[in-house]
Amino acid sequence: MSKLVVFSLLGGDLNKGFPVVTAQLWHHNQFLLVKLTGSLPAVPELSEVYRRWQLLYEAIHQRLGNNQRIKVHSQDITNISVNDFDEVCQQLQANINAWLKFESFQNIERQLRTLLNRDDEIRIIIETNIVLLHRLPWHLWDFFKDYPKAELALSNHEYASPQVLPKSPTGKVKILAILGNSVGIDIDQDGALLQGLTDAQTTFLIEPTRKELDEHLWNLDWDILFFAGHSASIADGEIGEVYINQTESLTIPQLKNALKTAISSGLKLAIFNSCDGIGLARNLADLNIPQMIVMRERVPDLIAQEFLKNFLIAFAGGKPLYLAV
């Protein structure tokens, strides 16, 4: 049975707390079963633990020499042990769960549990405009241990359904695959995986110019937009940019008009199999694209490849999008 739970964190931040937290439980995304209200306290130490986790994570991958789908910046931490990293991972998980055990929020969780079954397929959406909350590993919440078919998504507070022009079905999923700047990483595996999809019609743009990308978004209809290569979040995570070739990078706002046209022509899903995609996600959400998949942190090349392989197997095999992710 399909359920949707939408949490909205309103009017606050980690330093002040959230005086109003609402939770809505929907049945099949159509019937509102219940709306609940609670709150969450200030937890400034969570920001500090996350920042330390991020620094150690980046430092250990730099030390190990793993190829990553982003240019690694200079680090504030140079000496790092695996034990240090394991310890801060445990601290981050403990801090998240301690925060979500606040009594007013626990009242929401207890009521939801009376209405949810262990075998339900549950989409959980966290609505917030705060970049740091988009970065937190919410999947470490103990709630997910009891609901194995629950999966998480993130959203801004404000959104609208896009106005989509009617079009004739073609029988195959149409994918625009952009293989961008790949210096230091291997994205040929991504291309091979997409090429192997039997129920899709994939068009590849390899290190395209901005003009080539614009023309494909403006003039043709797509169901899925895929990007592999280097990417980054800038302006404290507010803006995302992708390196489409070895000399050009583009922000989502620079592609705004072309992307809005693609969305109105039926673009349903954007997949950025590249690093640090929070800025990309936030900018795409402003355009009201129905769904997107991004990496919240810098990831080793192998992780990006393995994610795409297993996601495509699950999704092509009939699993719902959230469970496939």
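# A guided tour of two sheets and their helices

Begin by selecting helix α6 and helix α10 (residues 301-316), whose axes come within 9 Å of each other and cross at roughly 5 degrees. Since angles under 35 degrees count as roughly parallel, α6 is roughly parallel to α10. The model on display is a predicted one.

Show the side chains at this contact. From α6, the participants are Gln-189, Asp-190, Leu-193 and Leu-194; from α10, they are Gln-305, Leu-308, Lys-309 and Leu-312. Coloured by class, the residues of this contact of α6 with α10 divide into four nonpolar, two polar and two charged.

**The parallel sheet**

Keep α6 selected and add the strands beneath this heading. Helix α6 covers residues 188-195 and lies across β6, β7, β8 (224-228) and β12 (269-273). Relative to β7, α6 runs at about 155 degrees.

Next, display the whole sheet to which these strands belong. Five strands make up this open sheet, in the order β7-β6-β8-β12-β13, and their pairing is parallel. Which strands stand at the edges? They are β7 (200-206) and β13 (291-294); each has a single partner strand, so one side of each is left without a neighbour in the sheet. On average, and with direction ignored, neighbouring strands of this sheet are turned by 15 degrees against each other.

Zoom in on β7 and its partner β6, which spans residues 173-179. Seven bridges connect these two strands in the parallel sense. To examine one position, select Ile-178, whose bridge partner in β7 is Leu-205.

**A second pair of helices**

Now select helix α7 (residues 210-219) together with helix α8 (residues 256-264). Their axes come within 7 Å and cross at roughly 30 degrees, which makes α7 roughly parallel to α8. The crossing of α7 and α8 is left-handed.

Which residues of α7 meet α8? Asp-214, Leu-217 and Trp-218 do so, and they face Asn-257, Ala-258, Leu-259, Thr-261 and Ala-262 in α8. By class, the contact of α7 with α8 comprises five nonpolar, two polar and one charged residues.

**The mixed sheet**

Move to the other sheet by selecting β1 to β5. These five strands form an open sheet in the order β3-β2-β1-β4-β5, with mixed pairing. Its edge strands are β3 (31-40) and β5 (150-155), each of which pairs on one side only. From one strand to the next, the twist averages 20 degrees.

Add helix α3 (residues 103-115) to the view. Helix α3 lies across β1, β2 (18-27) and β3, and runs at about 160 degrees to β3.

Then isolate β1 and strand β4 (residues 121-127). These two strands run parallel and are joined by seven bridges. Within this pairing, Phe-7 stands opposite Ile-126 in β4.

**An aromatic pair**

Finally, turn to the aromatic rings. How many aromatic pairs are there? The count comes to 16 aromatic pairs. One of them to select is the pair of Phe-7 and Trp-141, with 5.8 Å from centre to centre and 70 degrees between the planes. Because planes over 60 degrees apart count as edge-to-face, this pair is edge-to-face.

Where in the chain do the two rings lie? Phe-7 is in strand β1 (residues 2-10), while Trp-141 is in the loop between α4 (131-135) and α5 (143-146). The pair thus links distant parts of the chain, 134 residues apart. The tour closes at Phe-7, the residue already seen opposite Ile-126 in β4.

Note on methods. Residues numbered from 1 in each chain as written. Predicted model: local features only at pLDDT ≥ 70, side-chain atom pairs only at ≥ 80, totals over all residues. Heavy atoms only, no water. Pairing = 2+ DSSP bridges. Helix = DSSP H or I, 4+ residues; strand = E, 2+ residues; numbered from the N terminus. Axes fitted to C-alpha atoms, helices over the stretch in contact; angles between N-to-C directions. Contact = heavy atoms within 4.5 Å. Parallel < 35°, antiparallel > 145°, perpendicular 65-115°, else oblique. Left-handed = near helix turned anticlockwise from the far one by under 90°. Nonpolar A, V, L, I, M, F, W, Y, C, P; charged D, E, K, R; others polar. Phe/Tyr/Trp six-rings, centres within 6.5 Å; stacked < 30°, edge-to-face > 60°.
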